[in-house]
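Me: I've got the sequence and the fold up on my screen. Pick a single part and walk me through it up close, neighbours and all, please.

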Amino acid sequence: METLLELMPSKKLWYDDGNVVLVAGNRAFRIHRGVLSQHSPVFRDMFAVPQPTSDIAIGGRPVVRLQDDPLHLEFLLGAMYDRSYVLQVDS
């Protein structure tokens, strides 16, 4: 397992006001729990259940480690944050 020092923050999906950090592989995404909950019942349910306290935090934000492929997670988050991301049609 990589250490926090080996994580690469996403350039597009790292928000100063983000309140949770998702980590997949060696990629980190600082985003918003509210956006995740609005678009995903899985995240909504996860955040509704009290989570055990963890010493792992980045910039004071809790870290949620996922087993997903980092590229797949980046596509998913890109679609959640930018609707034009999924509306682009190749000609």
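Reply: Start with A24, which stands opposite R27 in β3. Strand β3 covers residues 27-31, and strands here are DSSP runs of E with at least two residues, while helices are runs of H or I with at least four, both numbered from the N terminus. Before going on, keep in mind that this is a predicted model, where local features need pLDDT of at least 70, side-chain atom pairs count only at pLDDT 80 or more, and totals for chains, interfaces and linings use all residues. Residues are numbered from 1 along each chain as its sequence is written, and side-chain values use heavy atoms, with hydrogens and water left out.

Now the partners of β3. Two strands pair if DSSP finds at least two bridges between them. With β2 there are 5 bridges, and the two strands run antiparallel. β2 and β3 make a hairpin with 2 residues between them, and in that turn G25 has a positive phi of about 60 degrees. With β1 there are 3 bridges, and that pair runs parallel. R27 turns up again in this context, since M8 stands opposite R27 in β3. So R27 has A24 across from it and M8 as well.

How enclosed is β3? Of its 5 residues, 5 are buried, so β3 is largely enclosed by the rest of the structure. (Buried means under 20% relative accessible area, exposed over 50%, and partly exposed in between, using a 1.4 Å probe and protein chains only.) Both faces of the strand are covered: R27, F29 and I31 are buried on one side, and A28 and R30 are buried on the other. For context, buried residues make up 33% of the 91 residues in the chain.

Next, the two arginines, which both take part in salt bridges. A salt bridge here is a side-chain nitrogen of Lys or Arg within 4 Å of a carboxyl oxygen of Asp or Glu, and by that rule the count comes to 2.

Take R27 to begin with. R27 forms a salt bridge with E74, and the closest N and O atoms are 3.3 Å apart. E74 lies in helix α3 (residues 70-81) and R27 in strand β3, so the pair ties together parts that are 47 residues apart in sequence. E74 is buried, and so is R27.

Then there's R30, whose salt bridge is with D16, the closest N and O atoms being 3.8 Å apart. D16 sits in the loop between β1 (8-14) and β2 (20-24), so to speak across the chain from R30 in β3, and the two are 14 residues apart. How do the two ends compare, buried or exposed? D16 counts as exposed at 63% relative accessibility, whereas R30 is buried at 10%.

Finally, the wider setting. The chain has 4 helices and 5 strands, and from the N terminus on they run β-β-β-α-α-β-β-α-α. If you call heavy atoms within 4.5 Å a contact, then among contacts between residues at least 6 apart in sequence, 47% join residues at least 24 apart.

To pull it together: β3 is paired with β2 in antiparallel fashion and with β1 in parallel, has both faces covered, and has R27 bridged to E74 and R30 bridged to D16.
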